[in-house]
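The exercises below ask you to work through charged side-chain pairs and a ligand site, step by step. Please look at the sequence and the coordinates before reading each solution.

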Amino acid sequence: MARETVSEQLIRPLVRTLQPYVPGEQPRVKGLIKLNTNENPYPPSPRVLEAVRAAVDGRLRLYPDPTAERLRDKLARLHGCDPDQILVGNGADEVLRLAVHTFVEPLAAQRGPLSRRYLVPPAPATVQSFVPSYSLYPVLAAQHGAAFNPVPLQMEFALPEAGQLKHLKQWQPQAALTIITTPNAPSGRGYATRDIENICARTRGVLLLDETYADFAPENALALALKHPHVIVCRSFSKAYSLCFLRIGYAVGPKPLIQAMHKLRDSYNVNGLAQVAAEATLDDLAYYRENFRKIIETREWTTRQLQQLGFLVLPSQTNFILTRPPGPPAGDWYAQFRQNNILVRWFDTPELSPYLRITIGTPKDMETLVRVAKRLLR
Ligand SMILES: *Cc1c(COP(=O)(O)O)cnc(C)c1O
């Protein structure tokens, strides 16, 4: 290993060796069709923009509501629960981080990579999720000094059936925190609430359902968070509600779990403009439901068009598709799309490298994508 400088020696060993999360590219190129980070192609409702504009005045000198009380009241009414069962975060990402910090015990601080120190990491120090899914989960575990236990999904990204779990060596029913991305990212596959509830019965730690994409699916599992003492659902205003820029998401779950998470968040974790925007969003849900309908329609159109060109497209219940292109490797397709000003996502991992993940844009964006794909195939 290269000699460390004096400054480097001051950094905790865990942080020195940490591999940070790599977000999708946010390019500065003009005119690029951006289909790589699952952003919504439609702007927030005019009423939301108006509410944010109206809030930009001398009030910016004041601290925002530390507990986002008005927003929690509205969310509680929407979901039929108590406001104390809701925590609002600086994006769903913060909610996920708080869950790791609240429920998972870090392993004792020692030198060297975690994986070499434990044959089987202790369950109280384990975050587990099905893979592939959101690549932030293992990073959150590593940042916290906890272990990460990846449980492989079945064929075509299906969840294991509850009965199968017993036989899966990798499954740890006692893991302090288990995360299911439902619908799944990056495959887009949706899961039946019944199947999730069966897994729920075989989970001894906290089960967190990451429902970032639930609004694009025919069903969601929020009811499980209101029924079971160990289930939390996490949602985001980013993708479905066109508010990535403002960073806002939330968790719903049993009061004791949610209240414990509140103890660990920053006092003013959600900025005031984000609170205003999210409240106005909930007052105009009809606008967003129409966008969900349009995106689903465009998703189905894109799927059919790409299938006709020989792409394998996995059925999606989200605002993106995972597709295996015909002919050259997916990495080449990614580069060719990019040369044609279309940015999609390609994950260079063994499970995902044959695929491209393509966010559903406007009908015009997707027509361009299909046209370019046709040209590249010739
Ligand atoms: C985008 C995404 C998030 C993060 O959402 P933010 O609210 O923008 O932090 C969480 N989980 C999954 C699966 C996502 O795709």
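## Exercises on a predicted model

Note before starting that the model is predicted.

**Exercise 1.** Determine how E50 and R53 are placed in helix α3 and how exposed E50 and R53 are.

Solution. Begin with the distance: the closest N and O atoms of E50 and R53 are 3.6 Å apart, and the pair forms a salt bridge, the cut-off being within 4 Å. Next, locate the pair in helix α3, which spans residues 46-55; because E50 and R53 are 3 residues apart there, about one helical turn separates them. Finally, compare the accessibilities with the limits: E50, at 45% relative accessibility, counts as partly exposed, whereas R53, with a relative accessible area of 55%, is exposed, since exposed means over 50%.

**Exercise 2.** Find the salt-bridge partner of R59 and classify the accessibility of both residues.

Solution. The partner of R59 is D57, with the closest N and O atoms 3.1 Å apart. R59 has 47% relative accessibility and is therefore partly exposed, and D57, at 37%, also counts as partly exposed.

**Exercise 3.** Which parts of the chain does the pair of D93 and R247 link?

Solution. First, establish the contact: the side chains of D93 and R247 meet in a salt bridge, at 3.8 Å from N to O. The pair then proves to link distant parts of the chain, with D93 in helix α5 (residues 92-103) and R247 in the loop between β7 (231-236) and β8 (249-252), 154 residues apart. As to exposure, D93 counts as partly exposed at 27% relative accessibility, and R247 is likewise partly exposed, with a relative accessible area of 29%.

**Exercise 4.** Describe the surroundings of the ligand, by residue class and by contacts with side-chain N or O atoms.

Solution. Start from the shell: the residues around the ligand include D93 and R247, the pair of the previous exercise, as well as Y134, D210, S238 and K239. Sorted by class, this shell has 3 nonpolar, 5 polar and 4 charged residues. Then turn to the individual distances: a nitrogen atom of the ligand is 2.7 Å from an N or O atom in the side chain of D210, while an oxygen atom of the ligand is 2.6 Å from an N or O atom in the side chain of S238. For the side chain of K239, the distance from an N or O atom to an oxygen atom of the ligand is 3.0 Å. Last, consider the cover: of the 390 Å² of accessible area that the ligand has on its own, the protein covers 92%.

Terms used: Residues numbered from 1 in each chain as written. Predicted model: local features only at pLDDT ≥ 70, side-chain atom pairs only at ≥ 80, totals over all residues. Heavy atoms only, no water. Helix = DSSP H or I, 4+ residues; strand = E, 2+ residues; numbered from the N terminus. Buried < 20%, exposed > 50% of the residue type's maximum accessible area, 1.4 Å probe, protein only. Near = heavy atom within 4 Å. Polar contact = N/O pair within 3.5 Å; in protein donor to acceptor, adjacent residues only side chain to side chain. Areas by Shrake-Rupley, 256 points an atom, 1.4 Å probe, with all protein chains shown as cover. Nonpolar A, V, L, I, M, F, W, Y, C, P; charged D, E, K, R; others polar.
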